[in-house]
Structures are given as C-alpha cells and as structure tokens.
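Let's take a walk through this protein together, starting from a single residue and working outwards. Have the viewer open and follow along.

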Amino acid sequence: MNPEKVVFGFFIVLALTLNFGFFIGEFDNPAHHHVYELFAAIVVNLVATTLKFGDRTQMGAILLATSLVADLQLIVAAIVWGAALHITEVGMTPSVMGSIVSLSGGALLANITSVVLLVIETVMLRR
C-alpha cells in the first residue's frame with residue numbers, strides 16, 4: 001500500500017462528500033445549505049488540487065482539470081454568497097441560493113468525474 005495514494009484518494013473522496021453534503025437539500029432553501037460546509041468543501045478541494053500537481057501522467061492532467069473546475073465553481077459560489085449578503089445587500093433570496101447550489105452542483109459533477117477517473121486508474125493498475 002502506498003501512503004501517498006491513500007492521502008490522495010482520501011482528499012478526493014472527502015472533497016466529493018463535502019460537496020455532496022452542501023448540495024443536498026431543497027434547492028432554494030438557505031436553511032438546508034450551510035456556509036461552513038461550503039467553506040470546508042472549498043478548502044478540501046484546494047488541498048486535493050495541490051496534491052494533483054505532482055502527477056505528470058495524462059490521467060493526472062485530467063484529474064487536475066476536473067479539480068480546477070470544481071475549485072472554480074465552489075469559489076464563484078462563495079463569491080455569489082458573499083456578494084449577496086455584504087456587497088449588494090440583496091440578502092439570501094431563493095434565487096441567490098439557487099445560483100449557489102447550482103454552482104456547487106457543477107462542482108459536484110466535476111468531483112464525481114474525478115472519483116470515477118481515480119477508480120478507473122486504480123482498476124487499470126491491478127491488471
């Protein structure tokens with residue numbers, strides 16, 4: 001067992017589960033989506049992204065690309081959240097919450113792609 005691969009897989013799966021935890025719930029209900037869970041998803045996604053920088057294979061490049069997409073969408077979701085509350089003072093309306101959850105849904109799809117690629121890579125190593 002390679003400890004580096006364990007840490008790598010741990011952060012990829014943790015990023016997926018945190019993102020899923022934030023995404024699940026009624027789409028436009030702010031009570032179902034907590035800001036700290038979005039923050040945790042962003043931090044873990046950034047850690048997972050930095051771990052992917054060392055892999056120079058084609059699969060590593062695709063994994064890095066999916067992670068960068070997830071990072072971008074989660075950061076934009078946080079910016080939308082912050083702008084709605086502190087810059088425009090629109091408040092947390094169902095429309096704003098829908099935008100934030102949509103962005104996290106896109107990040108969730110990128111994280112699912114990343115985990116599927118990781119599983120494919122793992123299966124191919126055993127053959």
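Start at M97. If you skip its neighbours within four places in sequence, M97 is in contact with F22, F27, D28, N29, P30, H33, W81 and M92. Keep in mind as you click around that this is a predicted model.

Two of those partners, F22 and W81, come up again right away. The largest nonpolar core has 18 residues, and the ones that touch the most other members are F22, L38, L74, W81, M97 and I100. Which elements feed this core with two or more residues? They are helix 1 (3–23), helix 2 (35–52), helix 3 (58–87) and helix 4 (94–126). Helix 4 chips in the most, with six residues. There's also a second core, separate from that one, made of nine residues, with I12, L16, V115 and L118 among them.

Now zoom out a bit. The protein has four helices and zero strands, so to speak an α-α-α-α pattern when you read along the sequence. Its C-alpha atoms fill a box of roughly 55 × 25 × 20 Å along the principal axes. Of the 127 residues, 37% are buried. Take the contacts between residues at least 6 apart in sequence: 67% of them join residues at least 24 apart.

Next, have a look at how helix 2 and helix 3 sit against each other. Their axes are 9 Å apart and the packing angle is about 155°. An angle over 145 degrees counts as roughly antiparallel, and that is why helix 2 and helix 3 are described as roughly antiparallel to each other. The crossing of helix 2 past helix 3 is left-handed. On the helix 2 side, the contact is made by V35, L38, A41, I42, N45, L46, A48, T49 and K52. Helix 3 brings L63, L64, T66, S67, L68, A70, D71, L74, I75, A77, A78 and W81. Sort that contact by class and you get 15 nonpolar, four polar and two charged residues. L38, L74 and W81, which you met in the largest core, turn up in this contact too.

Finally, slide along helix 3 to A83, which is found in that helix. Is A83 buried or partly exposed? Its relative accessibility is 21%, so A83 counts as partly exposed, with buried meaning under 20%. Not counting residues up to four places away in sequence, A83 touches T88 and E89. From A83 to V96 you go 13 residues in sequence, and the two C-alpha atoms are 9.9 Å apart in space.

Key: Residues numbered from 1 in each chain as written. Predicted model: local features only at pLDDT ≥ 70, side-chain atom pairs only at ≥ 80, totals over all residues. Heavy atoms only, no water. Core = buried A, V, L, I, M, F, W, Y, C linked by side-chain atoms within 4.5 Å. Buried < 20%, exposed > 50% of the residue type's maximum accessible area, 1.4 Å probe, protein only. Contact = heavy atoms within 4.5 Å. Axes fitted to C-alpha atoms, helices over the stretch in contact; angles between N-to-C directions. Parallel < 35°, antiparallel > 145°, perpendicular 65-115°, else oblique. Left-handed = near helix turned anticlockwise from the far one by under 90°. Nonpolar A, V, L, I, M, F, W, Y, C, P; charged D, E, K, R; others polar.
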